[in-house]
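Dear colleague,

I am passing on the structure we spoke about, so that you can have it open while you read my notes. The notes follow directly below it.

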Amino acid sequence: MLRRLAILLLFACMGEGLAQSPGAPAPDPATQVDAAMALPEELRLALDARKPDRGLPVEERVQRLVDFMIGDDGLALRYQEQPTHGIAESYAQRKVNCLSFTLMFIALARASGIRAYAQASDDALAMRVLGDTVYRATHVNAGVEIGGGRYTVDVGWRSLLAVRKPRTITDAQAIALLHNNNAVERLLSGDRQGAAAHAEVALALDPGSATAWSNAGVVYLRSGSRDAAERAYLQALKLQRDHLGALSNLVGFYREAGATHLAEGYAKRLRRAQSVDPFSQFLIAQALAESGAYDDAVAHYRRAIRLMPDEPQFHRSLADAYLRQGNATAAEHARNRAGRLEAQRESQRGIRDAASPGSG
């Protein structure tokens with residue numbers, strides 16, 4: 001019951017990349033990574049003027065660096081989900097999302113003598129539907145080691161977060177994510193050639209990413225290369241058997257081609273993967289609610305909430321379904337829960353939205 005195509009888009013995690021011109025030789029991956037992680041000279045000078053004393057405890061140095069990035073007396077960075085910017089453009093415009101913030105923090109931290117690295121979430125944290133495409137969002141942030149403990153530096157928080165088992169990714173993987181998102185943005189704007197260039201760079205930097213292969217398949221398909229799209233989707237599933245994007249894309253691909261047997265086989269795998277995925281359950285509930293099947297919709301909304309309890313939109317949509325059922329008491333309870341979660345999320349924000357009043 002998911003839409004035909006599914007692109008995984010990192011939540012607020014993107015950056016301007018180094019897409020090669022058509023026909024140009026591919027730059028060396030290490031060179032691309034070094035260039036993407038480089039600090040512009042003006043930013044390096046700004047850091048030198050505010051760089052924390054190396055004699056201070058590492059935790060205090062990290063906190064001062066975060067304050068320098070988001071404070072009004074420092075860089076005054078503001079949150080903006082799209083468009084994507086790399087380090088230099090993020091600094092010039094003072095607008096970041098989670099990937100561009102992470103890349104800038106890592107570069108600034110290393111220039112300050114602090115060991116920092118990128119971390120990526122394996123789970124979707126948000127979702128949106130646009131036209132015939134489902135965009136699933138994951139999250140990227142920075143990690144630092146302090147006194148034998150691991151801490152997270154996140155665009156959404158002003159303070160350090162203690163974490164136990166972060167999934168560390170390499171610089172190359174982080175820059176691959178950047179290009180993956182650039183590919184999605186170019187595709188959204190209708191620039192298929194630019195999308196393909198970024199998709200190819202993402203694959204060159206991180207050929208083990210199922211998401212990069214699945215998204216490349218969408219780019220190839222929309223560019224008219226069906227064979228390349230099929231190979232990309234199948235490669236994604238070799239890397240991750242239950243990848244929702246690749247499964248959904250293959251189901252649509254084979255149904256459109258009239259390959260019913262293949263489509264049904266992948267549809268069974270897709271349903272199994274959806275059964276443990278909160279956003280899939282949410283989308284199924286939405287479709288049921290739109291058709292008037294409110295009892296079934298409530299069941300799927302509740303399953304989505306069991307899988308992901310703290311997503312306000314799940315509770316708000318459940319409230320609407322309860323109201324349609326005539327269960328006003330349950331609707332009020334769900335709506336109040338959504339309100340509390342939204343207030344809690346807003347209170348934890350460490351960086352103001354670029355579009356909010358007074359944000360500059």
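**Helix pairs and two single residues**

Helix 3 and helix 5 are oblique to each other, because an angle counts as oblique when it falls outside the ranges for roughly parallel (under 35 degrees), roughly antiparallel (over 145) and roughly perpendicular (65 to 115), and the axes of these two helices cross at roughly 130°. Please keep in mind throughout that this is a predicted model.

The two helices in question span residues 58-70 (helix 3) and residues 98-111 (helix 5), and their axes come within 11 Å. Their crossing is right-handed. On the side of helix 3 the contact involves Val62, Leu65, Val66, Met69 and Ile70, which meet Phe101, Met104, Phe105, Leu108 and Ala109 in helix 5. Sorted by class, this contact has 10 nonpolar residues, with no polar and no charged ones.

A second pair is formed by helix 6 (residues 171-188) and helix 8 (residues 210-222), whose axes come within 10 Å and cross at roughly 25°. Because angles under 35 degrees count as roughly parallel, helix 6 and helix 8 are described as roughly parallel to each other. The crossing of helix 6 and helix 8 is left-handed. Helix 6 contributes Asn180, Val184 and Leu187 to the contact, while helix 8 contributes Thr211, Ala212, Asn215, Val218, Val219 and Arg222. By class, the contact between helix 6 and helix 8 has 5 nonpolar, 3 polar and 1 charged residues.

Turning to single residues, histidine 139 sits in the loop that joins strand 6 (133-137) to strand 7 (140-146). Is histidine 139 buried or exposed? With a relative accessibility of 14%, histidine 139 counts as buried, since the cut-off for buried is under 20%. The side chain of histidine 139 also makes a polar contact, at 2.7 Å, with the side chain of aspartate 154.

Alanine 196, for its part, belongs to helix 7, which covers residues 192-205. Its relative accessibility is 23%, and alanine 196 therefore counts as partly exposed, a class that lies between the buried limit of 20% and the exposed limit of 50%. Although alanine 196 and serine 223 are 27 residues apart along the chain, their C-alpha atoms are separated by 8.4 Å in the model.

With best regards

Conventions: Residues numbered from 1 in each chain as written. Predicted model: local features only at pLDDT ≥ 70, side-chain atom pairs only at ≥ 80, totals over all residues. Heavy atoms only, no water. Helix = DSSP H or I, 4+ residues; strand = E, 2+ residues; numbered from the N terminus. Buried < 20%, exposed > 50% of the residue type's maximum accessible area, 1.4 Å probe, protein only. Polar contact = N/O pair within 3.5 Å; in protein donor to acceptor, adjacent residues only side chain to side chain. Axes fitted to C-alpha atoms, helices over the stretch in contact; angles between N-to-C directions. Left-handed = near helix turned anticlockwise from the far one by under 90°. Contact = heavy atoms within 4.5 Å. Nonpolar A, V, L, I, M, F, W, Y, C, P; charged D, E, K, R; others polar.
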